[in-house]
Amino acid sequence: MGKEIINHLGKIEISEEVISTIAGATAVECYGLVGMASRKITDGVADLLGRENLARGVVVTVKDNEVVIDLYIIVGYGVKISEVAASVMERVRYTTEKLTGLNVSQVNVNVKGVRVLE
């Protein structure tokens with residue numbers, strides 16, 4: 001469903017897909033991230049999604065006035081996974097809150113694979 005905001009000018013509806021796209025686009029800008037991964041694993045290999053599929057590597061849940069974002073990512077070989085994940089969490093939270101005005105309570109990062117940086 002997403003989130004509905006009502007103010008003196010009218011009503012604003014922000015869908016979960018819009019939030020997913022914002023989160024996915026922000027995540028791929030982070031250093032050390034190769035791309036978004038499919039949430040489904042086929043034969044134990046994470047599928048790397050292209051730029052047009054950024055929202056497919058993101059799950060957004062809106063409850064009351066809080067947003068929970070789950071990201072499925074692939075990191076580059078040789079980078080510190082915890083640093084990449086922390087950077088992704090902070091940037092996605094900040095950008096999503098700034099662009100939508102919604103409170104992001106959690107950003108969960110699920111590392112689905114490691115690829116060689118090209």
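Is Glu13 buried or exposed? With a relative accessible area of 57%, Glu13 is exposed. Keep in mind that this is a predicted model, and that the cut-off for calling a residue exposed is over 50% relative accessible area.

Glu13 has a charged partner: its side chain meets that of Lys11 in a salt bridge, with N and O 3.3 Å apart. Lys11 also counts as exposed, because its relative accessibility is 52%. So here both ends of the bridge are exposed, Lys11 at 52% and Glu13 at 57%.

**Salt bridges**

How many salt bridges does the structure hold? There are four. Three of them can be laid out side by side:

| Salt bridge | N to O distance |
|---|---|
| Lys11 and Glu13 | 3.3 Å |
| Arg93 and Glu90 | 2.7 Å |
| Arg93 and Glu97 | 2.7 Å |

Arg93 turns up in two of those rows, once with Glu90 and once with Glu97. Put together, Glu90, Arg93 and Glu97 are linked in a network of salt bridges.

The setting for this network is helix H2, which covers residues 81–100. Glu90 and Arg93 sit three residues apart in that helix, or about one turn. Arg93 and Glu97 are four residues apart in helix H2, so about one helical turn separates them too.

How open is this trio to the outside? Arg93 is partly exposed, because its relative accessibility is 27%. Glu90 gets the label partly exposed as well, at 42%. Glu97 comes in at 22%, so it also counts as partly exposed; the buried label would need a value under 20%.

**A nonpolar patch**

Away from the charges, there's a greasy bit of surface to look at. Which residues make the nonpolar surface patch? Tyr77, Ile81, Val111, Val114 and Val116 do, and the patch comes to about 490 Å². One of its members, Ile81, falls at the start of the range given for helix H2, residues 81–100. Val111 and Val114 have numbers that fall within strand E6, which runs over 103–115. Val116 lies in the segment after that strand. Val116 counts as exposed, because its relative accessibility is 62%.

Terms used
Residues are numbered from 1 along each chain as its sequence is written. This is a predicted model: local features need pLDDT of at least 70, side-chain atom pairs count only at pLDDT 80 or more; totals for chains, interfaces and linings use all residues. Side-chain values use heavy atoms; hydrogens and water are left out. Patches are made of residues with over 30% relative accessible area and no salt bridge: like charges are joined within 9 Å, nonpolar side chains (Val, Leu, Ile, Met, Phe, Trp, Tyr) within 5 Å. Accessible areas come from the Shrake-Rupley method with a 1.4 Å probe; for residues, only the protein chains shown count as cover. Helices (H or I, at least four residues) and strands (E, at least two) are DSSP runs, numbered from the N terminus. Buried means under 20% relative accessible area, exposed over 50%, partly exposed in between (1.4 Å probe, protein chains only).
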